[in-house]
Amino acid sequence: MPAISASAPGKVILFGEHAVVYGRPAIAAPVTQVKAKAIVTANPRGAPGEIRVQAPGVGLESTLEALDPAHPLAAAIQGTVYALKVKRIPACTIRITSTIPVAAGMGSSAAVSVAVIRVLSAFLGHPLPDEKVSALAYEVEKIHHGTPSGIDNVVVTYARPVYFIKGKPIEVLEVERAFTLVIGDTGIASPTAAAVGEVRKAWQAEKSQYEAYFESIGAIAQSARQAIESGGVELLGPLMDANHGVLRKIGVSCAELDSLVVAARRAGAWGAKLCGGGRGGNMIALVPPARAEEIAKALAAAGAVRTITTVIK
Ligand code: PMV
């Protein structure tokens, strides 16, 4: 049997991170320059039912049996097998590779889960529909993140820009006029669960203040949706700036993110903000396409360890 492969892209949150955990809308888009890939090959000589898992990027080489069931890869595999109600699994090896920066707000964990769920369900003869793939990946996200909103698994599964409200049917966005982003990485690993946990503590201590922050972020995301759908790209820059301002008040920015945001604006970006969990990870800048390279250089000079230029369409 030939090897089967599946992949899923990285993502950025354009608007609404953190507030989305509290029921407000957010907008996210795929970043196809980076991706997670899973390949499955049958091991005709392997012990019946033995699934080998290889993730060379994180030095993992194990059988499924030997993995902690709470390990996200084990959970993705078991979740798929359980969902398909498969009794006999042919011996196989699942190999996972990813170019998505880890713990950087680019959806690497969700993309790995989606790739694994897709490839395994295809290998077992029952490729799962996107809706189911996303739902299974969400269960794995809960292990990574505690109380994830679910936006990551949705955007990397559908690989389209989405307008997302927790618990509501997903809405794919039609981008009326494509726009260009430069993504800048602080190089600071920042697990989303920690940032989300601290925001929760702060929200518990100052509920009405934090609800007001989330409300204003939700309003920004709604305006951004209109701008994206009507081709009002020039409106998105100020909305990004405003969103970053509220994220700072919430306490999820940091000096490195702020200085990349400022460097991008100085170099001619129309707007910029941190993206994802914050406290490190990435920021995004909305840029005039002709100046993308120059702005990427300015970000590198201001300390970005990596920049990615991507067009949202
Ligand atoms: O981009 P990430 O994986 O850091 O996502 C964080 C988005 C949050 O809104 C902070 C959390 C969530 O579950 O939506």
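This passage describes the two domains of the protein, the interface between them and the surroundings of the ligand. The model is predicted.

The domain assignment divides the protein into domain 1, residues 4-171, and domain 2, residues 175-312. Their C-alpha centres are 25 Å apart. Domain 1 contributes 30 residues to the contact, and domain 2 contributes 46 residues. Between them, the two domains bury about 3,000 Å². Carbon and sulfur atoms account for 66% of this area. On the side of domain 1, Phe15, His18 and Tyr22 lose the most area to domain 2. Together these three residues make up 25% of what that side buries.

Polar and charged pairs also cross the interface. Twelve residue pairs are in polar contact between domain 1 and domain 2, with both residues of each pair at pLDDT 80 or more. Strand S1 (4-15), strand S2 (26-42) and helix H3 (130-145) each provide at least two residues of the side of domain 1 that touches domain 2. Strand S2 gives the most, with seven residues. By residue class, the side of domain 1 that touches domain 2 comprises 20 nonpolar, seven polar and three charged residues. Four salt bridges were found across the interface of domain 1 and domain 2.

Salt bridges were examined in the structure as a whole. Side chains of opposite charge can pair when their charged atoms come close. The structure holds 18 salt bridges. One salt bridge joins the side chains of Glu211 and Arg24, with an N to O distance of 2.7 Å. Another links Asp152 with Lys11. In that pair, the closest N and O atoms are 2.9 Å apart. Asp152 belongs to helix H4 (residues 151-158) and Lys11 to strand S1, so the salt bridge ties together parts that are 141 residues apart in sequence.

Asp152 and Lys11 reappear around the ligand. The ligand is surrounded by 15 residues. The closest are Lys11, His18, Ser149, Asp152 and Thr192. His18 is also among the residues of domain 1 that lose the most area to domain 2. Oxygen atoms of the ligand have polar partners in both side chains and backbone. A polar side-chain atom of Asp152 is 2.8 Å from a ligand oxygen atom. For Thr192, an N or O atom of the side chain lies 2.7 Å from an oxygen atom of the ligand. Gly105 approaches through its backbone: one of its backbone N or O atoms is 3.1 Å from an oxygen atom of the ligand.

Methods
Residues numbered from 1 in each chain as written. Predicted model: local features only at pLDDT ≥ 70, side-chain atom pairs only at ≥ 80, totals over all residues. Heavy atoms only, no water. Domains from an automatic or database assignment. Contact = heavy atoms within 4.5 Å. Buried area = accessible area lost by both parts, 1.4 Å probe. Polar contact = N/O pair within 3.5 Å; in protein donor to acceptor, adjacent residues only side chain to side chain. Helix = DSSP H or I, 4+ residues; strand = E, 2+ residues; numbered from the N terminus. Nonpolar A, V, L, I, M, F, W, Y, C, P; charged D, E, K, R; others polar. Near = heavy atom within 4 Å.
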